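Hello,

Here is the structure I promised to pass on. Have a look at it first, and then read on for what turned up.

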Amino acid sequence: MTDLALEPASRGAPQTSSRGAISIRNVVKTYGSGASQVTAVDDCSFEVAAGEICMVVGPSGCGKTSLLNAIAGFHDITSGEILIDGETICGPDRPMAAPGPDRVVVFQNGALFPWKTNLENVAFGPTMQGTMTEAAAKARARSLLAEVGLDDVAERFPGEISSGMRRRVEIARAVINEPRVLLLDEPYRALDALTKQVMHEALLELYYRNKVTIFFITHDLEEAVFLGHKLVISTARPCRPKTIIEVDIPHPRDRSVITSPRFRELMEAAHEAVRQEAVAAFQAGDKEG
Ligand SMILES: Nc1ncnc2c1ncn2[C@@H]1O[C@H](COP(=O)(O)OP(=O)(O)OP(=O)(O)O)[C@@H](O)[C@H]1O
């Protein structure tokens with residue numbers, strides 16, 4: 001594994017947060033058995049610091065989602081261990097983590113309740129769990145919607161807003177639960193470039209105001225370098241870090257960083273690492289996504 005700590009990363013350092021550090025230690029995940037056995041993740045180890053935005057990039061089918069699902073508690077691991085803030089969530093004694101409100105997943109095709117307003121959707125979790133009164137949850141939901149630029153559609157229904165706006169509502173709905181870790185699996189994959197820009201700015205705005213660790217899977221290298229404190233570039237299947245790139249561009253960031261020479265250098269380093277693995281995946285018979 002190469003570690004491209006090209007310059008001190010202190011200016012682009014993560015949010016000061018004491019919550020949400022992820023330790024992935026020697027994780028193996030296999031599916032099936034015998035001739036049909038697939039090893040999706042193999043001897044995978046890396047650390048995500050509390051409050052860090054960690055972008056996970058790799059060829060299609062390399063095992064990124066399998067790793068995210070293990071952290072979320074959607075399936076077990078075959079061996080190894082995953083810890084959050086030093087506490088084992090899955091490991092030798094408990095192969096499957098219990099899903100919990102401390103780790104919230106936002107999918108590409110997340111589902112909002114179509115019969116509830118956007119405000120009600122965001123307020124739903126804490127109201128249901130009884131962690132906030134309905135009035136407090138709605139007030140918090142309103143302020144989160146404002147942070148992602150959606151205050152004017154709070155009373156509208158999900159079916160009345162664009163898919164990019166719905167993604168922002170979903171992220172606000174995740175953040176209201178004050179998770180330690182936000183797990184994002186290509187949430188913006190289907191969106192056009194301009195809508196993605198709005199998404200990125202909204203996500204960063206939420207991130208700057210709410211301390212959370214972000215574990216974000218993407219195929220989009222510009223998205224990865226723009227948002228991330230670090231890029232974990234995976235090998236072709238099975239998933240394990242091939243290269244870790246520290247993005248030493250200071251936060252808060254805006255779109256102007258994209259034209260900086262440093263951004264281009266980091267993009268090139270990421271592109272080269274991904275290209276090598278995409279070729280390896282292709283040679284192994286997989287298709288690049
Ligand atoms: N439930 C399952 N049963 C059997 N095999 C599975 C299962 N889930 C995933 N796999 C296999 O594990 C491998 C890794 O899949 P995974 O979805 O983790 O990759 P990925 O990197 O997230 O892919 P993509 O970028 O295309 O979403 C693939 O070969 C996939 O077919």
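To begin with a small puzzle: in which strand is Asp43 found? The answer is β3. Please keep in mind that this is a predicted model. Asp43 caught my eye for its backbone: its phi is near 45°, a positive value in a residue that is not glycine.

Now the overall picture. The protein has 7 helices and 11 strands. Its C-alpha trace spans about 55 × 50 × 35 Å along the principal axes. For 289 residues, a compact globule would have a radius of gyration near 19 Å, and the protein's value of 19 Å therefore agrees with that.

Next, the ligand. There are 14 residues around the ligand, and those that come nearest are Tyr31, Ala40, Ser60, Thr65 and Ser66. Two elements, β3 (38-48) and α1 (64-72), give two or more residues each to this shell. The largest share is that of α1, with 3 residues. Sorted by class, the shell around the ligand holds 8 polar, 4 nonpolar and 2 charged residues.

You may also enjoy the helix pair α2 and α3. Two packed helices are described by the angle between their axes and by the distance between those axes. Here, α2 (residues 118-129) and α3 (residues 134-147) pack at an angle of about 130°, and their axes lie 8 Å apart. The two helices α2 and α3 are therefore oblique to each other, since the angle is neither over 145 degrees, the cut-off for roughly antiparallel, nor in the roughly perpendicular range of 65 to 115. The crossing of α2 and α3 is right-handed. On the α2 side, the contact is made by Asn118, Leu119, Val122, Ala123, Pro126 and Thr127. From α3 come Glu134, Ala137, Lys138, Ala141, Arg142, Leu144 and Leu145. By class, this contact of α2 with α3 has 8 nonpolar, 3 charged and 2 polar residues.

Last, two prolines for you to check in the viewer. Between Arg237 and Pro238 the peptide bond is cis, with omega near 0°. Pro238 sits in the loop that runs between β10 (230-234) and β11 (241-246). A cis peptide bond also joins His251 and Pro252, with omega about 0°. The place of Pro252 is in the loop between β11 and α7 (261-283).

Happy to talk any of this through whenever suits you.

Best wishes

Terms used: Residues numbered from 1 in each chain as written. Predicted model: local features only at pLDDT ≥ 70, side-chain atom pairs only at ≥ 80, totals over all residues. Near = placed C-beta within 6 Å. Helix = DSSP H or I, 4+ residues; strand = E, 2+ residues; numbered from the N terminus. Nonpolar A, V, L, I, M, F, W, Y, C, P; charged D, E, K, R; others polar. Axes fitted to C-alpha atoms, helices over the stretch in contact; angles between N-to-C directions. Parallel < 35°, antiparallel > 145°, perpendicular 65-115°, else oblique. Left-handed = near helix turned anticlockwise from the far one by under 90°. Contact = placed C-beta atoms within 7 Å. Rg over C-alpha atoms; globule rule 2.2 N^0.38 Å.
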